[in-house]
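User: Hi! I am new to reading protein structures, and I would like to learn how to go through one feature by feature. Could you guide me?

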Amino acid sequence: MLAPPIWIYNFVASTIDCQRALKKAFIPEPEKDSFDRAFSYMVKKSSMHYFSYKHGELYAEGIPLAELAAKFGTPLYVYSAKTLRRHFTAYEKAFGAVPHIICFAMKANSNSGVLSALAHEGSGADIVSGGELFRALKAGIPAGKIVYAGVGKTEDEIKLALKNRILMFNVESADELEEIDRVAGLMRVKAPVALRVNPDVDPRTHPYISTGMKKYKFGIPLKEALPAYEAAARMKNINVVGIQKHIGSQLTELEPFKDSLNRLLALLDLLEGRGMKLKYLDIGGGLGIRYTEDENPPAPAELAKVVLPLIKGRDVTLIVEPGRSIVGNAGVLVTKCLYRKSSGVKDFVIVDAGMNDLVRPSLYGAHHDILPVRKAKRPLEKVDVVGPVCESGDFLARDRQLPATARGELLAVMSAGAYGFTMGSNYNSRPRPAEVLVDGDECRLVRKRETYRDLTRGEM
Ligand SMILES: Cc1ncc(COP(=O)(O)O)c(C=O)c1O
């Protein structure tokens with residue numbers, strides 16, 4: 001069958017209702033697949049983010065990704081402000097019926113532009129280091145909305161947090177509690193603390209992003225929590241204000257979340273029975289996002305449906321610490337195909353983004369959809385999409401069916417907004433990519449591409 005002229009293809013791509021009929025009639029077999037992939041992706045995911053095809057071009061909100069790549073180079077992280085706001089608002093609405101603070105988990109994405117956009121919406125921050133505290137304050141997040149977790153807080157970090165009067169420390173061990181008491185004593189202040197409790201519940205996610213089980217380093221074991229609270233209450237420089245748990249990331253089921261919350265609430269009841277009144281109930285973050293089309297993680301509203309009945313009638317301020325579910329689908333990594341090659345058993349598409357730019361596929365075997373920035377008719381091929389880093393583990397996708405990719409062509413690695421840039425490195429002395437924030441028809445460079453000079457800064 002004859003292929004249709006390109007304008008028909010483009011028209012189809014921008015007209016959801018009639019695409020099925022036209023596609024059936026005109027698109028040759030292999031292209032049907034690539035068309036289907038891209039289009040179904042767009043239809044299914046369009047409710048969750050603002051990256052979509054218009055006239056065969058992949059856009060971030062109102063700007064073509066190709067235009068951004070031409071202006072800022074590749075590899076390039078592109079974030080959608082509208083998506084960030086949408087996801088943050090989804091949490092605000094979901095928990096609107098109770099006193100609450102949404103503390104964005106900065107480890108997912110700590111770019112100042114992203115943080116300022118969230119601060120503007122009223123976000124607090126969940127931090128895990130002095131560096132994150134510095135960034136949060138600089139971006140305008142009020143100290144009174146900052147909670148501080150992490151198993152290895154140093155004296156200097158504790159001092160910085162106390163000096164800035166953060167909302168509370170989420171304390172991860174009895175040793176840390178003693179240290180915070182000591183440092184607060186030196187500074188003649190009282191340190192507000194919650195104990196992070198490890199509820200020993202399997203979150204049913206990747207082991208590297210599980211936290212709430214005994215075998216992991218996080219939190220104070222449930223059994224030891226009561227004596228730890230009693231010890232904290234006796235400390236002169238500690239003000240016990242809350243309780244916290246976080247069981248893991250990329251959670252796709254709510255049952256483990258519910259289980260762990262029930263365990264926490266039983267402890268809370270016990271503490272209240274002993275006259276300890278806690279103001280903050282921090283339920284952590286962890287909601288997953290849809291990386292593949294068959295994943296269907298719960299939305300914030302579904303989480304709230306589980307959480308709110310369980311805490312009904314309790315006089316607490318709820319704290320939620322989402323990271324990935326706010327920023328994950330709000331970002332893509334745009335990369336250029338440098339070369340193609342075949343080993344005889346595998347075909348490789350070699351791109352200019354590597355594991356140092358986005359480590360999730362190499363580290364967790366994570367899946368990210370990869371889409372052509374310009375949709376054009378072509379057959380599908382099975383390839384490994386690999387970066388320039390000198391490691392066989394440097395890949396963005398393996399054995400992936402993609403529309404045939406030509407040298408010089410741009411690809412978008414989707415859902416790269418969380419744990420993307422923040423987990424990046426300079427491995428192989430590769431300067432880290434630029435980051436751009438798009439808002440409607442406007443874009444702002446929110447981090448310059450690093451230069452070679454940046455690579456040696458600080459070295460003697
Ligand atoms: C204490 C704490 N809170 C919140 C989060 C955010 O998790 P997510 O990005 O899955 O929402 C993490 C991430 O591991 C965490 O360790």
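User: Into how many nonpolar, polar and charged residues does the shell around the ligand divide?

Analyst: Sort the shell by residue type. In this predicted model, the shell around the ligand has eight polar residues, six nonpolar ones and four charged ones. Glycine is counted with the polar group here.

User: Which residues of that shell come nearest to the ligand?

Analyst: There are 18 residues around the ligand, and the nearest are Ala 105, Ser 249, Gly 285, Gly 323 and Arg 324.

User: Now the overall fold, please. How many helices and strands does the protein have?

Analyst: You will find 15 helices and 21 strands in the protein. Let's take a few of the strands as practice. E1, E2 and E3 make an open sheet in that order, with antiparallel pairing. At its edges lie E1 (51-54) and E3 (63-64), each of which pairs on one side only.

User: How many bridges join E1 to E2?

Analyst: Look for bridge partners across the two strands. Four bridges join the antiparallel strands E1 and E2, and one partnership links Lys 54 to Glu 57 in E2. Between these strands the hairpin has two residues, and His 55 takes a positive phi near 50° there. On its other side, E2 (residues 57-60) is joined to E3 by two bridges, again antiparallel. Here Tyr 59 has Pro 64 of E3 as its bridge partner.

User: Which residues of E1 are on the covered face, and which on the uncovered one?

Analyst: Follow the residues along the strand and sort them by face. Phe 51 and Tyr 53 make up the covered face of E1, whereas Ser 52 and Lys 54 make up the uncovered one.

User: What about the interior? Which residues touch the most other members of the largest nonpolar core?

Analyst: That core has 125 residues, and Leu 65, Val 78, Val 193, Val 334 and Val 413 have the most contacts with other members. Domain 1 (6-79 + 329-454) and domain 2 (142-322) each supply at least three residues to this core. Across the protein, 47% of the 460 residues count as buried.

User: With which residues is Val 78 in contact, leaving aside neighbours within four places in sequence?

Analyst: The partners of Val 78 are Ala 60, Leu 65, Leu 68, Gly 331, Val 332, Val 334, Val 436 and Val 438. For the whole protein, take the contacts between residues at least 6 apart in sequence: 70% of them join residues at least 24 apart.

Notes. Residues numbered from 1 in each chain as written. Predicted model: local features only at pLDDT ≥ 70, side-chain atom pairs only at ≥ 80, totals over all residues. Near = placed C-beta within 6 Å. Pairing = 2+ DSSP bridges. Core = buried A, V, L, I, M, F, W, Y, C linked by C-beta atoms within 7 Å. Buried ≥ 20, exposed ≤ 12 C-beta atoms within 10 Å, placed from the backbone. Domains from an automatic or database assignment. Contact = placed C-beta atoms within 7 Å.
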